[in-house]
Amino acid sequence: MAKNRPVRGATLNEASSRFNLPAREADGEWLDMREALDDAPPPLRTSVTVERARTIITRNQSPDIAFDRSINPYRGCEHGCIYCFARPTHAYLDLSPGLDFESKLFAKPDAPALLRTELGKRGYVCRPIAFGTNTDPYQPIEAEWRITRGCIEVLAEHDHPLTITTKSNRVTRDIDILAPMAAKGLAAVMVSITSLDPKIAMTVEPRAPHPEKRLQAVRQLADAGIPVFVSLAPVIPQVTDHEIEHILERAAQAGARTAFFLPVRLPHEVAPLFRAWLDTHFPDRAGKVMATIQSIRGGKDNDPNFHTRFRGHGPWAELLRTRFKMAARRYGLDREVLRLRTDLFRPPSGPQGELF
């Protein structure tokens, strides 16, 4: 299991009212390590439950998302990013999108075997599989469970393309597999860097690796010949937006090929969790932050509509886009379009694979 650390992201652990689930309070489990007292309650422990999934490839038909399939080896994420749009998925399990999401995790050890089976099904059409679209495939428990690595090994064996999005330098442990795939045009990695300020990063993403470790990962991946991109997702107005230019500069220096950004999104239960987090960590600017977010989201905490949900609208959104585009152009991060090969795919052998 992952080692315990005293900091968590959410300050609440209430159940979702959307599904009429029983309310749960934090009960003092959340603990800020900068203010911990000797008589404070013990830190919240991480638990991992095995999930026996029947399938592992998730299909997506959203018109504003570039990939049509993904794999999530884990449910929940110990990184504890307060803005994580995947938090509401824990409500489906009768768990809180708050502290439960980052402490009650689910692992899918059958994922590599399920993946092999699905790749061998009649009529399977090869397109890149995206990892890290919901929860981070390289969160701390991957060090023990190694489910992400197992899935990558299956894809490498059959020359199937993949993309990875992560905010963890643990991805470098799989360079031995990813580099040969990248040499064939089958792999690319996107590293998420939202802040270079360690204090802000620890508050926004309490259990994710230090920003400098992520930049080191960018360099290691680039040096290994793996196409690596940097994601500034999300940009939080009044909290991290002042770092856009500096992050892009450092990303280019580390060897990133291009970069992307998204303004913060607050769907469903994420909005009240984010508001409570602001009141705890940024009480001096909480109102200003939310007013700016609402100006980007049409006067609401969140805009769920296709296309505009990733862009935002209004003067603030346009200002962020302009600053990002200018900085990306300045540092040469606006030129490359990701293209991965699908023509090398070889389906698994066996009863279904032999049909090809």
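These legends accompany several close-up views of a predicted model.

**View A. A buried salt bridge joins E102 and R87.**
Let us start with one of the 22 salt bridges that a search of the whole structure finds. The closest N and O atoms of E102 and R87 are 2.7 Å apart. E102 belongs to helix 1 (residues 99-103), while R87 sits in the loop between strand 4 (74-75) and helix 1, so this pair ties together parts that are 15 residues apart in sequence. Both E102 and R87 are buried. As general background, side chains of opposite charge can pair when their charged atoms come close.

**View B. R250 and E212 form a salt bridge between helix 8 and helix 7.**
Here the closest N and O atoms lie 2.9 Å apart. R250 is part of helix 8 (residues 244-254) and E212 is part of helix 7 (residues 211-223), so the salt bridge ties together parts that are 38 residues apart in sequence. How accessible is R250? R250 has a relative accessible area of 22% and is partly exposed. Its partner E212 is also partly exposed, with a relative accessibility of 28%.

**View C. D223 and R219 pair up within helix 7.**
The side chains of D223 and R219 meet in a salt bridge, with 3.0 Å from N to O. Both residues lie in helix 7, four residues apart, which is about one turn of the helix. D223 is exposed, at 58% relative accessible area. R219 is partly exposed, at 33%.

**View D. Four charged side chains share a network of salt bridges.**
Which residues should you look for in this network? They are R149, E153, D174 and D176, linked by salt bridges.

**View E. A cis peptide bond precedes P234 in strand 9.**
The peptide bond running from A233 to P234 is cis, and its omega is near 0°. P234 is found in strand 9, which covers residues 228-235. For context, most peptide bonds are trans, and most residues other than glycine have a negative phi. That second point leads on to the next view.

**View F. R146 and Q238 have positive phi values.**
Phi of R146 is near 55°, a positive value in a residue other than glycine. R146 is placed in the loop between helix 3 (142-145) and helix 4 (147-157). With a relative accessible area of 48%, R146 is partly exposed. Where does Q238 lie? Q238 lies in the loop between strand 9 and helix 8. Its phi is near 70°, again a positive value in a residue other than glycine.

**View G. Helix 10 has its buried residues along one face.**
Helix 10 (residues 286-296) has the buried residues A286, V289, M290, T292, I293 and I296. Seen down the helix axis, these buried residues fall within an arc of 160°, so they line one face of helix 10. What covers the buried residues of helix 10? The cover includes strand 10 (259-263), helix 9 (270-281) and helix 12 (315-330). On the face turned away from the buried side, helix 10 carries the exposed residues G287 and K288. Just after helix 10 comes G298, with a positive phi of about 65°.

How values were computed. Residues are numbered from 1 along each chain as its sequence is written. This is a predicted model: local features need pLDDT of at least 70, side-chain atom pairs count only at pLDDT 80 or more; totals for chains, interfaces and linings use all residues. Side-chain values use heavy atoms; hydrogens and water are left out. Helices (H or I, at least four residues) and strands (E, at least two) are DSSP runs, numbered from the N terminus. Buried means under 20% relative accessible area, exposed over 50%, partly exposed in between (1.4 Å probe, protein chains only). The arc is that of the directions from the helix axis to the C-beta atoms. Contact means heavy atoms within 4.5 Å.
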